[in-house]
Each structure stands twice: as C-alpha cells, then as structure tokens.
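Subject: Structure handover

Hello,

Here is the structure for your files. Notes on what was found in it follow below.

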Amino acid sequence: MWFPMYRISGRTIAVGMALACSAVACRLDMHDAPRFDALEQTELWEDGRASRDPIPGTVARGRLKDDRPAFFTGKNPSGGYVNALPPEVEFGEALLARGKERFEVFCAPCHGVTGYGNGMIVQRGFQQPPSFHSSRLRESPLGYYFDVITNGYGAMYSYGAAVKTSDRWAIAAYLRTLQLSQAMTEGDLTSEEKAALSSGPDDGHGGEHGSGGHH
C-alpha cells in the first residue's frame, strides 16, 4: 500500500513551536499569578505582614448589625429581649425542621432531645443544665434563648461562631414548640389526637422525661 508523503517546511515548524511556547507561558502566568497567601511575609509593609487589617469602620457585606438589632442580638433598640421572631425569619415547618436538626446536633448532647437537661454528656458526669420545661424558662422571651446560644451562659460556652444567625433563631423557635409539646393538656388535643394517644405505643422518650427528678 502506498501513502503520499507531505513535506513540512521549516517555517511551519518554527511557527508551531512559537505558538506552543506562548500557550505554555500564558498558562504558567495564570497558574502562578502574583498574590499573597494568608499570613505570608512580605517586604511591602513595615510590619512584614501580607494580610492587612480591614480599613477602620468597614463592615462585611450582610454583617451590619446596627440596623437590625433584633435579628443579630435578640434584643430591641432599648435593650430588652424580643418575644417574637424578627422579620427576617419566616416561621413554618421548614424553620422548625431546621431548628430540630440543629438542636439535636448542638444542644441535645447536654440538654437531651426533649429538653429536660439529661443528655448523654450529662449522663457521663458533665454539669446538668436546667430543664427547658421549668416555669422560669417557659416564661423567658424568645430573644433570651437566642442571646444565650450566641453568647453562652454559665457553664455553656458561646455558639455564636459555630451556628449561623438564622439557625440560632431556628433553634429558638424549635425550643418554644418543644416546650409547648411538653406542656399540653388533654383539652388541647383534638379527638383524633386523643384516640392516637390512647392507642399508640410509647415514643421512646418516656425514660428521659421521667429520669433525674428535675422537673
């Protein structure tokens, strides 16, 4: 079988090599762009730090708290705790589901899944927190819970850096519904709920509710 032969000129080879070299150089320039890594040293400034402090008075986008005190602090402009969700937080099933999930991740290890203060860490010897179903905490405003989650209280440390603002409100809303669920009377139930309660099995939390004698 015969194949035709093609002659490639020296000029074509030179042009191809030039294009290949320019493409490689372009990629390296973009790949190794002049920049500083976090905490890298530099001689550009007298203190030798590449990471610079923010300009005084600047606030990250979405983090200005002065115009939304209730959302960021749980308090009204006069400093008192709010007793309702701020306008930025929409109440609904999605909020309560999120609050339940975050509560069981961050709070239940100490407070227990039903909020009586006998979670697994307490059962291992850690200091027991108060029951959320005590009269004092049932009557505490919603903003109080947000403030405690944010800043900590007593032996409880702050979760402000671990739980984002909207999730702290979701937990607070779920805590309120959790309190209501444990304080309902027979008169608060519908006929269908009464029938289900009388015939349904134990939900598995009875042992937690009855242990400890703190409520």
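Helices here are DSSP runs of H or I with at least four residues, strands are E runs of at least two, and both are numbered from the N terminus. This is a predicted model, in which local features need pLDDT of at least 70 and side-chain atom pairs count only at pLDDT 80 or more, while totals for chains, interfaces and linings use all residues. Residues are numbered from 1 along each chain as its sequence is written, and side-chain values use heavy atoms, with hydrogens and water left out.

Trp-45 lies in the loop that joins α1 (10-31) to α2. Its relative accessible area is 37%, so Trp-45 counts as partly exposed (buried is under 20%, exposed over 50%, partly exposed in between; 1.4 Å probe, protein chains only).

Helix α8 covers residues 165-182, 18 in number, and spans 26 Å from first to last C-alpha. The expected span, 1.5 Å times one less than the number of residues, is also 26 Å. Buried residues of α8 include Trp-169, Ile-171 and Leu-175. Among the elements that cover the buried residues of α8 are α2 (69-73), α3 (93-106), α6 (135-138) and α7 (142-151).

The largest nonpolar core (buried Ala, Val, Leu, Ile, Met, Phe, Trp, Tyr and Cys joined through side-chain atoms within 4.5 Å) has 26 residues. Phe-103, Phe-132, Tyr-145, Trp-169, Ile-171 and Leu-175 have the most contacts inside it. Two or more residues each come from α2, α3, α7 and α8, and α8 gives the most, with eight.

Regards

Notes: Contact = heavy atoms within 4.5 Å.
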